[in-house]
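Reader: Let's go through the packing and the sheet of this model. Please keep the answers short.

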Amino acid sequence: MTGAFSGLEVLELTSGVAGPMVGMMLSDQGARVTRVERPDDPFADLPGYRVWNRGKRSATLDLRHDADRQVLLALLRNADVLIDSLRPGAMEQLGLGPQQLSALNPRLVSCSVTAYGEGNEHSDRPGYEALVAARTGAQWAQRGGIMSHGDLGVPDVPIPDGAEQAARADGPLFSASPWMSLNGFYAATLAIAAALVARERTGTGQHIEASMLPRASFAPALPAGGATGGTWMNLRGAPRGLFECQDGRWVHQWPIKPLSVVQAAEHDRLEDAAAPEYTHRRVDPSRIGMEPENIIVLFHYLPLMQEAFKKFPAEDWRRWAERVHEGVQIVRSPEQALSDPTLLNEGLVVCVQDPDLGDIRHVGVLTELSRSPGAVQGPAPRRGEHTALVQRDAATRAAATDEASPARVQRAPVSKPLQGVRILDIGLALAGPYGSSLLADLGADVIKINAPWDGPWLATGIGQLANRGKRSVLLNLGKPNGLAAFHELVKTADVVTHNMRWGVAERIGVGYDDVRALKPDIIYAASRGFDRARSAANLPGTDQSASALAGQEWEDGGCGRGGRPFFGTSFGDLGNGFLVAIGIVSAIYDRQRTGEGQEVGCSILGACLATSSGTFAFPDGSGPDRARLDDLQLGFSALYRLYETADGWLCLAAVTPQHWAALCTTLGCEDLLTDARFEDPASRLINDEDLSKRLGDALSCRSAADWLSVLDRAGVPAEVSKPRFASTAFQRPYLDFSATPAAPIGFAPALGAHTDEVLAQLSLPADVRAAVDAECLDRSRA
């Protein structure tokens, strides 16, 4: 099916996770992606490669050889996009730096995805996922507990048994989910789409730098006395809503509602438990609010909730929750998620005929565009499958005398990628508004339509994160004049975006048909919590529930090796925000070429499936042999994990034979090189526990900092796992465009701060304008 990027030629020089995922997104939206494979990719056997490389062509080229380099140069002359994940400076060494590429093909959009960005004190550090997580403090952030009770003015109360859900009481936590790579994936995909939009207006391409560092790190600190960032979730021992049931399976309840669970468990059968009286009321007295002092209430109820959930099997609790519209979902493995018939029917999971394995199932197209939906174009190719074909293509292009390289076309200058694009955001909480905040970074004029009761939320740290760079207009959409004013704003807009519950937008008069009648070429983005079936059933669609359903919590808790589910960092809400932004920009690019608007959709569940997309499932529900996190959340294997040293924690990433040999020599463990138990990767995997103990004993005699110095000199990738991270990288925009710079991340607006200036542009009659203000004083909802 036609996608937003149909007709584009993309070249991909990447390995690992982030780069291949970027190429997957472009391929799913119709681009022809040619993957230039390096001869020695250490990640070539990752199960994720069968997912992320789907629909691409594969050519094995050694760019150190002139003949292969000439093949690439011939392809670049007519390419639209180039993605690379080489170490900083490597492209320049190949003669493929931004200036050389621009001279070769002025319309080319090139994007480098690196670990820390270029030109800072960390740029030359090894870019393996676990090492970036260690160096940046992400492994400590997984644990949470970043504030003490005293910091938030809460009495220091004892932490109940089972409250802390990490496998170990102290130290950093290794994550199975590739959080740092996901930062790079989302940022680079959004940036490429935005650069293509800018190219339609300027006629020229540009170079983009994206990194694996999180966007939040680049945001300016909030003013003193500004937003209130503390919640009980910031406290040590804060429960995450995960509970073990009678059958040993786990469920995740979110939001946490102790009374609903405890009262339901008083019955002999859950089917006899009536729906709570407050189910259809807006204010739920059972819900635990996010205020710090509620940790005391939560600690009180936690043992009662643990006992209640233990009374019935997980499936009974799921059915009860579905009946009474509570947020309880069963924690599943990725393979179970990929075998869900509902997800298969809706396309969130797709069946693909792999050339080696036959029928496999993996994550589907992540952005839903109604006019240009895209599709998975086929399975991942065999490595080098299209080398001869690609070489012939290059030879044909090089020999063609009538096919000149694209000329530099001068059109209207653009200072920001999305300059002149107006977006109306009527979203709620984090998952939807975060997406439009990303678009504000790219120069869009984002107008946040705030309700009269949004003030407390906007003052929180999360409310600030989701609304940076926007203007705020105060309207009560549940009242006639507020709705009328919004409809007038629609006529001036390019995009409307929201994440309301299923059917609410249509009920209040802001659905797609309502706004398209006012602006036929409008782009209308509506994101959901779940797939359409679960969303239509009005089940609470949260980051936590989606993480449970998609396999993320299973993976991050090491459940495949005897651990228990864990919810720490997540890219559910934030990933959905990125998907919203990517879908909107893709639709803008499509509208530039066709003149037509369309609907855009995505979901938190889809974002969580992207997090777990490093594997696939067979029709029988089983999956491939793959690395699995251990039950202590230390790592995948003896050579890719955390070790406690005499002082501090060290993270190793010895992924090549050269790394293995150098590690053994440096640690004084040369005998391991001749030990039959460790003679090859397969043998080391079988005897991983013994190898971990031997390496752990060796590393325990010196500090992490000492070992890092020694291992650096020996060429063994490693990092000290630190709680905090600072870098001059944050002095630059988190997305660095060479021609149309992104805006510095701004602050969130005060509630209604821009109402007068925006509504003045609409020339509303005086009585209507007065009525709008009066409706905002009436805090009642429709």
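Reader: Beyond its neighbours within four places in sequence, which residues is Leu439 in contact with?

Author: This is a predicted model. Sequence neighbours within four places are set aside. What remains for Leu439 is Leu190, Leu418, Ile423, Ala444, Val446, Ala581, Ile584 and Val585.

Reader: Which helix gives the largest share of the largest nonpolar core?

Author: That core has 104 residues. Leu26, Tyr186, Leu190 and Leu439 have the most contacts inside it. Its largest share, 15 residues, comes from residues 179-202, which form helix 8.

Reader: How many residues are in the other core?

Author: It lies apart from the largest core. Ala238, Ile295, Ala308 and Val328 are among its members. Its count is 32 residues.

Reader: Which strands stand at the edges of the open sheet, and why is one side of each left without a neighbour?

Author: Seven strands run in the order 3-2-1-4-5-6-23, with mixed pairing. The twist averages 20° from one strand to the next. Each edge strand has a single partner strand, so one side has no neighbour in the sheet; these are strand 3 (57-60) and strand 23 (735-737).

Reader: Which residue of strand 4 stands opposite Leu13?

Author: Strand 1 (residues 9-13) and strand 4 (residues 81-84) run parallel. Four bridges join them. Opposite Leu13, in strand 4, stands Asp84.

Reader: At about what angle does helix 8 run to strand 6?

Author: Helix 8 lies across strand 4, strand 5 (109-114), strand 6 (206-211) and strand 23. Its angle to strand 6 is about 160°.

Technical notes. Residues are numbered from 1 along each chain as its sequence is written. This is a predicted model: local features need pLDDT of at least 70, side-chain atom pairs count only at pLDDT 80 or more; totals for chains, interfaces and linings use all residues. Side-chain values use heavy atoms; hydrogens and water are left out. A nonpolar core is a set of buried Ala, Val, Leu, Ile, Met, Phe, Trp, Tyr and Cys residues joined through side-chain atoms within 4.5 Å. Buried means under 20% relative accessible area, exposed over 50%, partly exposed in between (1.4 Å probe, protein chains only). Helices (H or I, at least four residues) and strands (E, at least two) are DSSP runs, numbered from the N terminus. Contact means heavy atoms within 4.5 Å. Two strands pair if DSSP finds at least two bridges between them. Axes are lines fitted to C-alpha atoms, for helices over the stretch in contact, and angles run from 0 to 180 degrees between N-to-C directions.
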